[in-house]
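Work through the exercises below with the model open in your viewer. Try each task before reading its solution.

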Amino acid sequence: MKRTLLIIGLVAAACGWFAGLHYGSSSRHAAESGRKILFYQSPMHPWVKSEQPGQCTVCGMALVPVYEGGTGFENAVTDIVMLPPGSPNVIGVQTAEVKLQTLTRTLRISGMIGEDESRHGIISAPVEGRIDGLSMNHEGQQVTRRQPLATIFSRTLLKAADAYKAMLPQGEQAAEPAKRTLEQYGLVWEQIKSIPQRQPGDIYFGVLSPLSGVIVKSYVHEGQQVKEGERLFEIADFTRMWFTGMVAEQDLPLVKVGQIAKLSATSLPGETLTARVAFISPNLDGMSRSAMVRVVLENPERRIKNNSFAQGVVEVEAPEVLAVPRSAVLWPGNEARVYVMKAAGSYQQRLVKVGRVGDSHYEVLDGVKAGEQVVISGGMLLDSQAQLDAMARPDGKEMASAPQAGNDAVWMNLLKVAADLSSALAADDLAAANAILSRLPQASDRLIKTTAPSGSPDLKALRKVFLPWSQEIAVQALQRKAQMPELRVFRCAMTGKLWEGAPSSAAWIQLGAEARNPYWGAEMLECGTEVKP
């Protein structure tokens, strides 16, 4: 708020400097020759005219007389904010060059780390029989490929083994059909090869694991009778894991297979896992309008736990584009705009069309050219003055006369109500604040651009609406300090912590000399410094 006051004063100084250049010698000559004064006009805001001497209703500077035969300021450029020499340094205006550069964007993806689904196996009973022994009988046990999991008694297997053994004396070719039958029943070559040496009393066959991994589900118990195809175990190989997360539809064009992703898993605090994007789903989720992205992680030591929550970061780069820093772009409504430095102390407002969004820059499609300097710090202060100009300019009219005396009374009433409302919020008195809102003058909506607060059942909600309105009230109060000298303007530099999106600092008006913060109330009641004219 202090800076807002400062820029208004500087703009007024610029106006006087500009008016002096325009009118210096000619006005003195006109006064000496006794020429007739046609009207009084603001050199910075030429639509403000009056038949009587006075002050500009926008910037507060003295109106300049326009004499008979003079041209006035009808052709003044109104999209330029001018500052006197040296003042940009005082208010902290900084600029950056518009140039072609790589646009970097960091995508953050939340998701889960799970098993590699291509390494998940289900072991079923190869034939009907009875499970008479279990080598592995609970979940979480580590197994290797071809390791025995259970023994099964099956008359079907015994009959097939006897048929194979009987055909062996006739040669391998004659025994081949019987061998294929045993393979279909789930026996591996090592088991088939041992059949000729089996003793007559050996009636069991082993159920072997087809892959290495961990038993994640056991469906069978010792002594259980099973049918062919019935599930016995599920095994997963956790030496390779999948991270899957969802990417929003608008960000999908930025993600490519092979890009590096950095992951942080809840189960491995402080560690960063690096891998590459392996798959992007072609299907969008109908509800969330996002698509699944998969990253493959090697996990030979099995340190990454299954079903761990993880955060992924993917850095993507676009080819060189014309870009401006994000701090240069202002969004007062649906249109983006920047301020371009035309000369030392002279800044022009430009509407721009932005494209892709980077971490620190916007792609600019239209509105500025490479090599131009845009304001990256102090733009809000320049825009405050531009908004005041727009508020003061009459729609569709060539000129606006100086305000009638009736407006002064409305302003004084409005400022008094705003000060009382600040006091009630500082006291955390919601009932009093709601009661004070009923005293707002009906004509105030045509004096203040920001929507006025209304009754609310919640202090925080009321403060959210009060803050931007109070900011504009404070600007107007500073311009009317002479009419209400008892009003004081304070600024708090801690409002950025009130809620997400709150400005880093905000102003308010009050009547007392000690800061009474309406944004924080009792929590930080004395947080604030007075803004001096």
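The exercises go from the whole chain to a helix pair and then to single residues.

**Exercise 1. Confidence**

Task: This is a predicted model. State what the mean pLDDT of the chain is, and find which elements have the lowest and highest mean values.

Solution.
Step 1. Take the chain average. The mean pLDDT is 81. A value of 70 or more is reached by 82% of the residues.
Step 2. Rank the elements. Strand β24 (residues 400-401) has the lowest mean pLDDT, 35. Strand β18 (residues 290-298) has the highest, 94.
Step 3. Look for stretches with pLDDT below 50. Residues 1-32 form one of them, with 71 contacts in the model beyond near neighbours in sequence. Residues 391-406 are also below 50, and that stretch has 23 such contacts.

**Exercise 2. Overall make-up**

Task: Count the helices and strands of the chain. Then find what share of the residues is buried.

Solution.
Step 1. Count the elements. The chain has nine helices and 27 strands.
Step 2. Apply the burial cut-off, under 20% relative accessible area. Of the 533 residues, 45% are buried.
Step 3. Sort the contacts by sequence separation. Start with those between residues at least 6 apart. Of these, 69% join residues at least 24 apart.

**Exercise 3. A helix pair**

Task: Describe how helix α3 (residues 155-167) and helix α4 (residues 172-184) pack.

Solution.
Step 1. Choose the descriptors. Two packed helices are described by the angle between their axes and the distance between the axes.
Step 2. Read both. The angle between α3 and α4 is about 160°, and the axes are 8 Å apart.
Step 3. Classify the angle. Over 145 degrees counts as roughly antiparallel, so α3 is roughly antiparallel to α4. The crossing of α3 and α4 is left-handed.
Step 4. List the contact residues. Helix α3 contributes Leu-157, Ala-160, Ala-161, Ala-163, Tyr-164 and Met-167. Helix α4 contributes Ala-174, Ala-175, Ala-178, Lys-179, Thr-181 and Leu-182.
Step 5. Sort them by character. The contact has ten nonpolar residues, one polar and one charged.

**Exercise 4. Two leucines in strands**

Task: Decide whether Leu-232 is buried or exposed, and do likewise for Leu-103. Then find what each one touches.

Solution.
Step 1. Place Leu-232. It is in strand β14 (residues 231-236). Its relative accessible area is 1%, so Leu-232 is buried.
Step 2. Find its partners, leaving aside neighbours within four places in sequence. Leu-232 contacts Ile-123, Ser-124, Ala-125, Val-207, Lys-217, Ser-218, Tyr-219, Val-220 and Val-226. Lys-217 is 15 residues away in sequence, with a C-alpha to C-alpha distance of 8.5 Å from Leu-232.
Step 3. Place Leu-103. This residue belongs to strand β6 (residues 99-115). Its relative accessibility is 5%, so Leu-103 counts as buried.
Step 4. Find the partners of Leu-103, again not counting residues up to four places away. They are Val-316, Glu-317, Ala-318, Pro-319, Val-321, Arg-356, Val-357, Gly-358, His-361, Tyr-362 and Glu-363. Along the chain, Leu-103 and Val-321 are 218 residues apart, yet their C-alpha atoms are separated by 6.9 Å.

**Exercise 5. Loop residues**

Task: Find where Arg-146, Arg-302 and Arg-198 lie. Then assign each a burial class.

Solution.
Step 1. Start with Arg-146, in the loop between β9 (142-143) and β10 (148-153). Its phi is positive, about 70°, although Arg-146 is not a glycine. A relative accessible area of 35% makes Arg-146 partly exposed.
Step 2. Go to Arg-302, in the loop between β18 and β19 (308-325). Phi of Arg-302 is also positive, near 60°. At 31% relative accessibility, Arg-302 counts as partly exposed.
Step 3. Turn to Arg-198, in the loop between α5 (189-193) and β11 (204-208). Its relative accessible area is 17%, so Arg-198 is buried.
Step 4. Check the surroundings of Arg-198. Beyond neighbours within four places in sequence, Arg-198 contacts Leu-158, Lys-165, Ile-203, Tyr-204 and Phe-205. Lys-165 is 33 residues away along the chain, and the C-alpha atoms of Arg-198 and Lys-165 are separated by 9.8 Å.

Notes
Residues are numbered from 1 along each chain as its sequence is written. This is a predicted model: local features need pLDDT of at least 70, side-chain atom pairs count only at pLDDT 80 or more; totals for chains, interfaces and linings use all residues. Side-chain values use heavy atoms; hydrogens and water are left out. Axes are lines fitted to C-alpha atoms, for helices over the stretch in contact, and angles run from 0 to 180 degrees between N-to-C directions. Helices (H or I, at least four residues) and strands (E, at least two) are DSSP runs, numbered from the N terminus. Angles under 35 degrees count as roughly parallel, over 145 as roughly antiparallel, 65 to 115 as roughly perpendicular and the rest as oblique. A crossing is left-handed if the near helix is turned anticlockwise from the far one by less than a right angle, and right-handed if clockwise. Contact means heavy atoms within 4.5 Å. Ala, Val, Leu, Ile, Met, Phe, Trp, Tyr, Cys and Pro count as nonpolar, Asp, Glu, Lys and Arg as charged, and the others, Gly among them, as polar. Buried means under 20% relative accessible area, exposed over 50%, partly exposed in between (1.4 Å probe, protein chains only). pLDDT is the predictor's confidence in each residue, from 0 to 100.
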